[in-house]
Amino acid sequence: MTELTGKKIVVGVTGGVAAYKAAELVRLLVKAGAEVHVAMTEAGARFVTPVTFQALSGRTVWVDAWDARMPNNMAHIDLTRGAAALIIAPASADFMAKLAHGMADDLLSTLCLARDCPLLVAPAMNRQMWQSPPTQRNAAQLRADGVAVLGPAAGEQACGETGDGRMLEAEELFAALLAHVTPKRLAGRRVLMTAGPTFEALDPVRGLTNISSGKMGYALAAACANAGAEVTLVSGPVSQPTPWGVQRIDVRSAADMHRAVMQHLARQDIFIGVAAVADFRPARVAGDKIKKTAGAPPTIELLENPDILADVAAQPVPPFCVGFAAESCELDTYATDKLRRKRLKLVVGNLVQDGMGGDDNVVVLYDATGRHPLPPGPKAAVARGIVDHLAALLPPA
Ligand code: C5P
């Protein structure tokens, strides 16, 4: 289940090489349980045929404004009726020009006028076409009209040139759509978070770390951003892509993480400590690689790391503090103890054997009113459940 499950999404495909990425977008939307309808311009249908989109969406693909197959012959109105969003991907320079001027000379441009759902456009064109004054004027006009202009990205182009104009990847467009349809329960809130493991160096090549993948923290950062929060994510070393709309600060050790959190703490409404912060660090970091001496393994002396979450919660005017309790047993006891001892408003408890490193999680939320188990599921779904609960606990903005 995602916020897109059961939602009607109309994908408009105009003439551009990037039309092949729209096929992947449709696949991702269908996989997420969305009801996907595809409308194409004639130029779009020359790049990827309607047959492909019909197979992927499982529905009739609309190209011709005069297509009589729609029972009431009103495809231009019916397609966007009840839709959660209309996304044009790729949006050619020509199509953006039409949109900016309210032209409606084919089915897709007519749909863009005859709608009450949000419109998102993903420009895709040669860099000179994108940078040209008319296209820039049109993009500015679309933004002023409340249209979300997604990208374009910079990079290699099909024409062999390099620059701005590449359409965003299907996964990025999917993330943007997901954000668009998610209720804005955290609108206007600023969220500071930690995620991932920390790495405590022993020497230039070795260190102490843990098996945290960062997946739960990144899913929660995405869920907060999708719910309208301004999210700053202080992340330990992980190989997760930065979620859509999240400002990410990379750190390595617990001390770095502590420093970055304290630097960004001013004016935050919510702090969420998801990181699996190392409790200890080596007292000394060797400048050179520690050599093996047969029969005399080295002893590592450890020092205690600062507790970032407890330090944030102990500020004179702390943000709303949320902690995680990853335990291997007696979850209720340890999680409720953490709630009280660290002076938190909410603790997300899980058994490490249920979640750490994996794609799914089973969590129980602990707050002043008691324990609230969430349905087990993928970390993205669990993250949405945490955001919904958290949003309901917040003082009015
Ligand atoms: O006390 P414990 O380490 O089990 O608490 C876990 C919670 O505290 C998590 O939210 C974690 O991100 C946070 N934490 C922290 N700094 C530490 C240790 C834990 O912020 N040094």
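# Questions on a predicted chain

Biologist: In which helix is the place of phenylalanine 47?
Modeller: Take the residue range 42-47, which includes phenylalanine 47. The model is predicted. In this model, residues 42-47 form helix H2.

Biologist: Is phenylalanine 47 buried, partly exposed or exposed?
Modeller: Its relative accessible area is 45%. Buried means under 20% and exposed means over 50%. Phenylalanine 47 therefore counts as partly exposed.

Biologist: Which residues make the nonpolar surface patch of about 330 Å²?
Modeller: Phenylalanine 47 is one of them. A valine and a tyrosine complete the patch. The members are Val17, Tyr20 and Phe47.

Biologist: What share of the chain's residues is buried?
Modeller: The chain has 397 residues. Its secondary structure comes to 15 helices and 22 strands. The C-alpha atoms fill a box of roughly 80 × 50 × 40 Å along the principal axes. The buried share is 51%.

Biologist: Of contacts between residues at least 6 apart in sequence, what percentage joins residues at least 24 apart?
Modeller: Set aside pairs with a separation under 6. Of the remaining contacts, the share that joins residues at least 24 apart is 68%.

Biologist: How far does helix H9 reach from its first C-alpha to its last?
Modeller: H9 covers residues 170-181, 12 residues in number. At 1.5 Å a residue, 16 Å is expected. The model comes close to that, with a reach of 17 Å.

Biologist: Which elements are included in what covers the buried residues of H9?
Modeller: Start with the buried residues, among them Leu173, Phe174 and Leu177. The cover includes strands S1, S4 and S5. It also includes two helices, H1 and H10.

Biologist: Which residue's side chain makes a polar contact with the side chain of threonine 198?
Modeller: Threonine 198 is found in the loop between strand S9 and strand S10. It is buried, with a relative accessible area of 0%. Its contacts over four places away include Leu208, Arg252 and Met257. The polar partner, at 2.9 Å, is glutamate 200.

Biologist: What distance separates the C-alpha atoms of alanine 93 and glutamine 136?
Modeller: Alanine 93 lies in helix H5 and is buried at 13% relative accessible area. Beyond four places in sequence, alanine 93 is in contact with Met125, Met129 and Thr135. Glutamine 136 is 43 residues away along the chain. The C-alpha separation is 9.6 Å.

Biologist: How many residues apart in sequence are the parts tied together by glutamate 3 and arginine 384?
Modeller: Glutamate 3 forms a salt bridge with arginine 384, the closest N and O atoms being 4.0 Å apart. Glutamate 3 is buried at 16%, and arginine 384 counts as buried at 18%. One lies in the segment before S1 and the other in helix H15, so the separation of the parts is 381 residues.

Biologist: Which residues are joined into one network by salt bridges that share partners?
Modeller: Lysine 21 pairs with glutamate 169, with closest N and O atoms 3.1 Å apart. Lysine 21 sits in helix H1 and glutamate 169 in the loop between strand S8 and H9, 148 residues apart. Glutamate 169 also forms a salt bridge with arginine 166, at 3.0 Å. The network is Lys21, Arg166 and Glu169.

Biologist: Which residue of the pair lysine 21 and glutamate 169 counts as buried?
Modeller: Glutamate 169 has a relative accessible area of 30%, so it is partly exposed. The other partner has 8% relative accessibility. Buried means under 20%. The buried residue is therefore lysine 21.

Methods
Residues are numbered from 1 along each chain as its sequence is written. This is a predicted model: local features need pLDDT of at least 70, side-chain atom pairs count only at pLDDT 80 or more; totals for chains, interfaces and linings use all residues. Side-chain values use heavy atoms; hydrogens and water are left out. Patches are made of residues with over 30% relative accessible area and no salt bridge: like charges are joined within 9 Å, nonpolar side chains (Val, Leu, Ile, Met, Phe, Trp, Tyr) within 5 Å. Accessible areas come from the Shrake-Rupley method with a 1.4 Å probe; for residues, only the protein chains shown count as cover. A salt bridge is a side-chain nitrogen of Lys or Arg within 4 Å of a carboxyl oxygen of Asp or Glu. Helices (H or I, at least four residues) and strands (E, at least two) are DSSP runs, numbered from the N terminus. Buried means under 20% relative accessible area, exposed over 50%, partly exposed in between (1.4 Å probe, protein chains only). The expected span of a helix is 1.5 Å times one less than its number of residues. Contact means heavy atoms within 4.5 Å. A polar contact is a pair of N or O atoms within 3.5 Å; within protein, one must be able to donate a hydrogen and the other to accept it, and residues adjacent in sequence count only if both atoms are side-chain atoms.
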